[in-house]
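Here is a friendly walk through one protein chain, written to be read with the model open beside you. Take your time and find each residue as it comes up.

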Amino acid sequence: MKALLGIIIASLLAIAFMQGFAYASYSVTNLNTTVSLNTNTSAQVTEILTLHVSNSSVSQYETDRIALNLTLSTWQTLVGPLLVQHIINPKSGVYSFKFIPGPLVPNYNGGTAELIMSYNVYNVTSVNQTAPRKFVYSFNRNVFNFEHAASGEVLPQNTTFTIIIPKGAQISSVYPIPDSPVSNFTTGYVNTTKVSWFDGEPLSKFSLVFVVHESLSSEVEAFFSGVYSKLGILAYVILIAIIAGFVAYAYVKSK
């Protein structure tokens with residue numbers, strides 16, 4: 001009898017818990033996806049979903065935010081399909097994933113809050129070396145995980161998609177034309193490090209190509225790093241022997 005009573009109480013608590021979710025009113029008002037590209041073809045992604053929380057759901061949001069047992073899938077049930085990684089490699093997924101529900105900022109009709117996701121993705125770009133110290137990178141549009149329309153993937157309403165290219169890189173071609181910065185279109189995006197697209201932009205034919213010119217010192221460093229990865233400590237022994245040989249030769253010549 002006690003066991004049956006315990007099951008009934010547990011069931012009622014579970015129902016009350018789920019009803020709290022059902023009555024919670026969280027609506028996404030904005031999505032901001034920023035992709036910071038690296039020269040190793042990976043990328044760091046930060047996604048910020050801005051929520052409107054109704055007056056009746058303010059206390060529920062505060063409860064949900066501090067609940068330790070709320071997983072990302074539970075938050076997806078509460079918020080909806082926009083709470084998902086929009087940049088993902090189908091073959092390797094994401095890594096170093098972090099999710100933070102931000103504090104509620106009250107206003108006259110409830111409040112706003114930000115849900116922040118950050119993660120890293122492999123193979124967001126591909127790279128080809130076309131000349132000594134010249135590397136051409138191409139964005140891999142297969143990593144997109146935005147909503148689908150009749151023409152293919154498209155940015156949802158109230159969405160901003162931003163790409164930040166590596167330091168020292170130069171954009172050589174981009175499609176569709178970025179919504180920001182508009183003025184840099186006529187200059188060929190010279191010295192442009194960040195480009196953005198807003199809601200409604202089609203992504204089915206998206207392309208972004210940028211060029212990185214490696215410095216001579218970086219090339220030398222990469223060479224020795226490659227040698228070390230193959231030979232290990234023996235690489236340093238060989239390098240020391242070469243330097244010692246040059247020093248000895250210079251000393252003999254000076255005599």
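Let's begin at the surface, with Ser 56. This residue is exposed, because its relative accessible area is 63% and the cut-off for exposed is over 50%. Ser 56 sits in the loop that links strand S2 (43–54) to helix H2 (58–66). If you look across from there, you will find Asn 109: 53 residues separate Ser 56 and Asn 109 along the chain, and their C-alpha atoms are 9.4 Å apart. Please keep in mind throughout that this is a predicted model.

A second loop residue worth finding is Gly 168, located between strand S10 (159–164) and S11. Gly 168 counts as exposed, with a relative accessibility of 67%. Its C-alpha atom is 8.5 Å from that of Thr 193, a residue 25 places away in sequence.

Now for a contrast. Is Asn 120 buried or exposed? Asn 120 counts as buried, because its relative accessibility is 17% and buried means under 20%. Asn 120 belongs to strand S5 (residues 110–121). Beyond its neighbours within four places in sequence, Asn 120 is in contact with Ala 43, Gln 44, Val 94, Tyr 95 and Ser 96.

The three residues can be set side by side:

| Residue | Relative accessibility | Class |
|---|---|---|
| Ser 56 | 63% | exposed |
| Gly 168 | 67% | exposed |
| Asn 120 | 17% | buried |

Next, the interior. The largest nonpolar core is made of 45 residues, and Ile 87, Phe 161 and Ile 163 have the most contacts inside it. Which residues does Ile 87 contact, leaving aside its neighbours within four places in sequence? The list includes Thr 33, Val 35, Val 45 and Glu 47, and also Val 94, Tyr 119 and Val 121. Val 143, Phe 144, Phe 146 and Phe 161 are on that list too.

Aromatic rings deserve a look of their own. The count of aromatic pairs comes to 16. One of them joins Trp 197 and Phe 206: the ring centres are 5.0 Å apart and the planes meet at 70°, so this pair is edge-to-face. Both Trp 197 and Phe 206 are buried. They also belong to one aromatic cluster, together with Phe 139, Phe 144, Phe 146 and Phe 161. Phe 161 is thus a good residue to highlight: it appears in this cluster, and it is among the residues with the most contacts inside the largest nonpolar core.

Turning to the strands, you can trace an open sheet of 4 strands in the order S6-S7-S13-S11, with antiparallel pairing. Strand S6 (125–131) and strand S11 (170–175) are the edge strands, each pairing on one side only. From one strand to the next, the twist averages 20°. Within this sheet, strand S7 (residues 134–139) and strand S13 (residues 207–213) run antiparallel and are joined by 5 bridges. To locate one bridge, select Phe 135, whose partner in S13 is Val 212.

Finally, step back to the whole chain. There are 5 helices and 13 strands. Of the 255 residues, 34% are buried. Among contacts between residues at least 6 apart in sequence, 66% join residues at least 24 apart. The chain exposes about 15300 Å², and 61% of this area comes from carbon and sulfur atoms.

Methods. Residues are numbered from 1 along each chain as its sequence is written. This is a predicted model: local features need pLDDT of at least 70, side-chain atom pairs count only at pLDDT 80 or more; totals for chains, interfaces and linings use all residues. Side-chain values use heavy atoms; hydrogens and water are left out. A nonpolar core is a set of buried Ala, Val, Leu, Ile, Met, Phe, Trp, Tyr and Cys residues joined through side-chain atoms within 4.5 Å. Buried means under 20% relative accessible area, exposed over 50%, partly exposed in between (1.4 Å probe, protein chains only). Contact means heavy atoms within 4.5 Å. Rings of Phe, Tyr and Trp (its six-membered ring) pair if their centres lie within 6.5 Å; planes under 30 degrees apart count as stacked, over 60 as edge-to-face and the rest as tilted. Helices (H or I, at least four residues) and strands (E, at least two) are DSSP runs, numbered from the N terminus. Two strands pair if DSSP finds at least two bridges between them. Axes are lines fitted to C-alpha atoms, for helices over the stretch in contact, and angles run from 0 to 180 degrees between N-to-C directions. Accessible areas come from the Shrake-Rupley method with a 1.4 Å probe; for residues, only the protein chains shown count as cover.
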